[in-house]
Amino acid sequence: MFTTKIYYIKNKVLEGENIVNKIFTNKKLLIALAIIVYIALMFKIPNIMAKLNLIGGVLFLGYLFAKSKKFKKIKKRGKVLSILGVFTFMLFFGAMPLTSSNTKSNTNVSKDLSIFSKDNNVKEDDKKANEIKENVIKIKEDKNLDEIKVSFIDVGQADSILIQQGNNSMLIDGGNNEDGNLVKEYISKQGIENLDVVIGTHPHEDHIGGLSYVMNSFKVGKVYLPQKMATTKTYENLITTIKNKNISTIKAKIGEQFYIGKAKCTILAPRKQYDKVNDNSIVLKLEFGEKTFLFTGDAEATSEMDMVKSGSLNTVDLLKVGHHGSKTSSCINFLNTITPKYAVISVGKDNKYGHPNEGTIRRLKQVHSEVYRTDKSGTIVVTSDGKNITFNVNSISYDELDKEKEKEIFKDNKNANNNSKVNHVKQSNSNLASVWITETGKKYHSTNHCGKTNSSKATQITLSEAKNRGIKPCDKCHAPI
Ligand SMILES: [Zn+2]
Ligand SMILES: [Zn+2]
């Protein structure tokens, strides 16, 4: 029984070998097959490495045919094995980059190639070839294809948000004019060379000021701008940059959708042309896995209420709080509709507008949002695998958010700074005040960037907690005692 089974299998193998042998001894049929497979694969594989490997494989096949007399002398099994070997080689090395789910980047690589082939400058060619090589390596090395990273870059009293998913990226606003270099450096540090999408939410300087500089520093796919134009110098500069770089510009339309890697983006506002520039802000909903993010620029209550009435809003996990937390944004109807678990406020320390407004904070508390602020924590980096959301910093406790206490601390700090001798701030009623500590530091600080303190690793605790833990105040930053 067992032996008959073995014979049966052996016979089948021999039959198979005979068929393969017949095919492989028919040269014309083989060449035709190879050409068909080659052409089909060339169309299917946009990746340069895959193409090169395929060409290599086909050339090797051709070589075997050229030496067909020798080839015929090889035993049947040897032939089958050599052909299988070639195909395995082609599939393994050639198609490997295809297993990366990010076809968009592969397309980018092939786009690079088209520029490359047209370019006659030899040095430029070398540079481009290296770029292509680096891109391919990046595709292979990227282990975070299924993670989204949202950075609320600390640009003071302004907005600049970088979104990365897989090998794709988007920048929403670029800070003030003088923030251009800071934003550019941050993007470069992430290893980004191409920005697939840039959004200028509205023509105010604190949003589009740094964009010209940034866009001149990277290859940009497309730019979204609101329908309503502006006549400011900053806006005109931006338009000139876009024209000079020949970047395709899209006037934001409600309901328009696009993808950043696997993240789906939908434009929710402006729903019409408003008188107020802020209300004309592009509002973008981003969905990644089960998580939803809402970026609102400086949209104010009028635009917020139009979105509520349109029924286009659902619950969101994270809200980029509108207009730096001003009282004119984040109206309670809007917040009740979206009930954000997390609220991020991009705002400058001690800004002249008094942002974020106390009322806004109270409303966020009402819908139980955890509040994060760039003026308190610096750049805020949010990552998500589509199921969970994590932050690089702690949220701000509502005690700390109490405006009056904040003012007191600010006043005391100012007095202390005015004193020529190093004096700790006297705080009669401020055990609730917050101080910064690091895991290893033996002192607590009044800021998260005192001396060599690593601001991303510093956490905030209350002054009384610091005292309880026996941590001593830092002299350098006049930490309260
Ligand atoms: Zn604005
Ligand atoms: Zn603004």
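**Notebook: helix 11, the parallel strands and some odd backbone**

I started at helix 11, whose buried residues pack against helix 9 (205-208), helix 10 (211-217), strand 5 (219-225) and strand 6 (248-251). I note here that this is a predicted model.

**Entry 1: helix 11**

I looked up the extent of helix 11 and found 12 residues, 233-244. From first C-alpha to last, the helix reaches 16 Å, close to the 16 Å expected at 1.5 Å a residue. Which of its residues are buried? I listed Thr 234, Tyr 235, Leu 238 and Ile 242. Viewed down the helix axis, the buried residues fall within an arc of 100°, so they line one face of helix 11. On the other side I found Lys 233, Thr 240, Lys 243 and Asn 244, which are exposed.

**Entry 2: the residue after helix 11**

I then followed the chain out of helix 11 to Asn 246, in the loop that leads to strand 6. Asn 246 is not a glycine, yet its phi is positive, near 55°. I noted for comparison that most residues other than glycine have a negative phi. Is Asn 246 buried or exposed? I put Asn 246 down as exposed because it has 7 other C-beta atoms within 10 Å, and the cut-off for exposed is 12 or fewer.

**Entry 3: strands 11, 12 and 13**

I moved on to strand 12 (residues 342-345), where both faces are covered. Tyr 342 and Val 344 are buried on one side, Ala 343 and Ile 345 on the other. Strand 12 runs parallel to strand 11 (residues 318-320), and three bridges join them. Across this pairing, Leu 319 stands opposite Ala 343. I traced the connection and found that strand 11, helix 13 (residues 332-338) and strand 12 make a right-handed β-α-β unit. The chain goes on from strand 12 through helix 14 (residues 358-366) to strand 13, and this β-α-β crossover is right-handed. Strand 13 (residues 370-373) pairs with strand 12 in the parallel sense, over four bridges. In that pairing, Ile 345 has Arg 373 as its bridge partner.

**Entry 4: helices 13 and 14**

In helix 13 I checked Asn 336. Asn 336 counts as exposed because it has 12 C-beta neighbours inside 10 Å, and 12 or fewer is the cut-off. From Asn 336 to Asn 314 I read 10.0 Å between C-alpha atoms, with their positions 22 residues apart in sequence.

For helix 14, I listed Thr 360, Ile 361, Arg 363 and Leu 364 as the buried residues. They cover an arc of only 160° around the axis, which puts them on the same side of helix 14. What do they pack against? I found helix 13, strand 12 and strand 13. After helix 14 comes His 368, with a positive phi near 60°.

**Entry 5: the loop from strand 12 to helix 14**

I went back to the loop between strand 12 and helix 14 for Asp 350. Its phi is positive, near 45°, and Asp 350 is not a glycine. Asp 350 counts as exposed, with 10 C-beta neighbours inside 10 Å. Pro 356 is in this loop too, between strand 12 and helix 14. The bond joining His 355 and Pro 356 is a cis peptide bond, with omega about -5°.

I recorded a further cis peptide bond, from Ala 269 to Pro 270, with omega near 5°. Pro 270 is in the loop between strand 8 (263-269) and strand 9 (283-288). I noted that most peptide bonds are trans.

**Entry 6: His 445**

I looked up His 445, in the loop between strand 17 (443-444) and strand 18 (459-462). His 445 is buried, with 23 other C-beta atoms within 10 Å. Beyond four places in sequence, its contacts are Val 435, Trp 436, Cys 450, Thr 453, Cys 474, Cys 477 and Ala 479. Pro 473 is 28 residues from His 445 along the chain, and their C-alpha atoms are separated by 6.5 Å.

**Entry 7: the protein as a whole**

I closed with the totals. The protein has 17 helices and 19 strands. Of its 481 residues, 37% count as buried. Among contacts with a separation of 6 or more, 69% are between residues 24 or more positions apart.

The mean pLDDT is 80, and 72% of residues reach 70 or more. Over residues 96-124 the pLDDT is below 50, and this stretch has 48 contacts in the model beyond near neighbours in sequence. I also marked residues 416-429, where pLDDT stays under 50 and the model has 18 contacts beyond four places in sequence.

How values were computed. Residues numbered from 1 in each chain as written. Chains lettered and ligands numbered in written order. Predicted model: local features only at pLDDT ≥ 70, side-chain atom pairs only at ≥ 80, totals over all residues. Helix = DSSP H or I, 4+ residues; strand = E, 2+ residues; numbered from the N terminus. Expected span 1.5 Å × (residues − 1). Buried ≥ 20, exposed ≤ 12 C-beta atoms within 10 Å, placed from the backbone. Arc of directions from axis to C-beta. Contact = placed C-beta atoms within 7 Å. Pairing = 2+ DSSP bridges. Right-handed = clockwise from strand over helix to strand, strands pointing away. pLDDT = per-residue confidence, 0-100.
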